[in-house]
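Biologist: Here is the model I want to discuss. Please justify each label you use.
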There are 2 protein chains.
Amino acid sequence: MTQTPALYDVCAVGNAIVDVLAPCDPAFLDAQGLTPGSMQLVDAARSASLYESMNPGVEASGGSAGNTVAGVGSFGGRAAYVGKVADDTLGGVFTHDIRAAGVTFDTPPLADGAAAGLATGVCMINVTDDGQRTMCTFLGAANQLGPDDIDADLIGASQIVYLEGYLFDPAPARAAFEESAAAAHAAGRKVAITLSDSFVVHRWRAELLAFIEASADIVLANEAELTALFETEDFDAAAARLASMVEVAAITRGAAGSVILSGDERVAVTAFPVDKVVDTTGAGDQYAAGVLLGLARGLSLQDAGKLGSLAASEVIAHWGPRPMTSLEQLAKDAGLALNPA
Amino acid sequence: MTQTPALYDVCAVGNAIVDVLAPCDPAFLDAQGLTPGSMQLVDAARSASLYESMNPGVEASGGSAGNTVAGVGSFGGRAAYVGKVADDTLGGVFTHDIRAAGVTFDTPPLADGAAAGLATGVCMINVTDDGQRTMCTFLGAANQLGPDDIDADLIGASQIVYLEGYLFDPAPARAAFEESAAAAHAAGRKVAITLSDSFVVHRWRAELLAFIEASADIVLANEAELTALFETEDFDAAAARLASMVEVAAITRGAAGSVILSGDERVAVTAFPVDKVVDTTGAGDQYAAGVLLGLARGLSLQDAGKLGSLAASEVIAHWGPRPMTSLEQLAKDAGLALNPA
């Protein structure tokens, strides 16, 4: 089909969340019954009691896909976001931060969310000394994202629509997810998905596989998510199977870097060195920002991967899941191009 | 007079504020008409328009004296705080963070503050690449702190009551300030004050000098505040004059460290090295935390100063004005004692 040039490099659909981040001891996770490195959904009461027991920390706009488009914006890319906040203080913070990152964000906030017990979603993130983050999410208003919030014109105007696997948890969001993929393909665009979390993969394994087979062009995952998806401990076999199902599969391996597969091509991308890993929250999200921008712009897999590694290295060196330094400037300083030569 | 042992090392009285911190270019400060490194008060409308134009960033509990007692708490010291938030989301964040730092905080929040246009105070902090911060404060509910909020028993139970010069701006807070000093001296305790900001000193020079002469035992200031107080560019002369008026004067000189004077004693304290200065917000506040805890515990001037330098080095290496690492642990690692041998 004939393609009009895309208005956006990436449009993301995700859970709109504000993060509360604080340092913790491993003993705290144990006492709270939390599995280190996991994300779990909590209700309002548990959210409040957990917050009460957390150390002092900082707040920052979050949400996996929101972090990714904020990263795309920081690279100077054109990005849009679809997600649901409430009409409250934290909703205002989320809206400010994503727009200030240069991202188009026009999903109407949930009116009277607080009255319905649906304030803007929050994620309580406890970070141990090694930078590992353990997350408890109260979805709140984010849970109310539904198919009506999907603007087919916006999706169709975006080179890549990026969906977060976390949306498989709330049913109306999953419907929005399917709708987004359909709108993207109807306009001849690409559909990317992140598996988000190995526990999400365990909960929705069959549904995720079916969705990837039917609708995904690009998949982002980490090692644990990938192996959970295929219920195997053989990384190479799992990567090959995923690659056979989609155009591009990008798999992160923490400090070991990442692997990107496409057809017969397989490139290994090294991680950028970091003096001290402070907080790994957002590492995968920022990696996705670089990779998706690179793919949307037609860079090679290696060059797209390098942008991902660069963005991840920026975010793990400080508290919070979004860049605090211009990724566009960092790319320039590192001699990485944002467009094909 | 006979002294009962103090329940608290430090009780602080200050403007209860939540910070919004974001990176900026020097050109942004210029376009906004902001003097680099300054603090200015803004009204709700200016606060909203400035926020609108700021880069994405992070939120963190702040307020100069609040930061200081959070630092005292992080050292494992016993601290209390008096300040006014509204009964809203950011007031909840402020309350959580200061209590989670181990600080007693029981000032009743302003009821229906939002209805009166008096939400919890916020400080918009724009930080340039060199770490310098420029602050615009909307006091909101903080402005409603008054003499009725001062609990003479709490003040009397604290080794040192610590007052921030910023409280000279709102008239009812200034009255609370005077009341606190009177309660401390009635109980035979020490009164400490920080000059806060050179612009505050210019606005209230005569009043500050009168207060110091009449009521202060300990004064904290930076070089600009000190020289503004005595309207001289001669640092040594100004330091000597201040030292002649109080028991202890502690003057910070940025990367050059600090000088502490008491009677005929004058000690120079070096700054702790930092790999990269990210955000200097809270540097003076954390220096004050170490110095005040040291003085409350009866450490030497040099040892109290070292605790101050250590705390300042922690906070300038990350975004936000309060410690994100246990200062007690850092002191232990650095071989600094928190109590006299």
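Modeller: First, a definition: a residue is buried if 20 or more other C-beta atoms lie within 10 Å of its own, exposed if 12 or fewer, and partly exposed in between, with C-beta atoms placed from the backbone. This is a predicted model: local features need pLDDT of at least 70, side-chain atom pairs count only at pLDDT 80 or more, and totals for chains, interfaces and linings use all residues. Residues are numbered from 1 along each chain as its sequence is written, while chains are lettered from A and ligands numbered from 1 in the order in which they are written.

Biologist: Why is Ala141(A) called buried or exposed?

Modeller: Ala141(A) has 28 other C-beta atoms within 10 Å. The cut-off for buried is 20 or more. Therefore Ala141(A) is buried.

Biologist: What is Ala141(A) in contact with, leaving aside its neighbours within four places in sequence?

Modeller: Contact requires C-beta atoms, placed from the backbone, within 7 Å. On that basis the partners of Ala141(A) include Lys84(A), Leu110(A) and Gly121(A).

Biologist: What makes α3(B) oblique to α11(B)?

Modeller: Helices are DSSP runs (H or I, at least four residues), numbered from the N terminus. α3 (64-74) and α11 (283-296) of chain B pack at about 50 degrees, axes 8 Å apart. Angles under 35 degrees count as roughly parallel, over 145 as roughly antiparallel, 65 to 115 as roughly perpendicular and the rest as oblique. So α3(B) is oblique to α11(B).

Biologist: Which residues of α3(B) meet α11(B)?

Modeller: Among them are Ser64(B), Asn67(B) and Val72(B).

Methods:
Two residues are in contact if their C-beta atoms, placed from the backbone, lie within 7 Å. Axes are lines fitted to C-alpha atoms, for helices over the stretch in contact, and angles run from 0 to 180 degrees between N-to-C directions. Helices (H or I, at least four residues) and strands (E, at least two) are DSSP runs, numbered from the N terminus.
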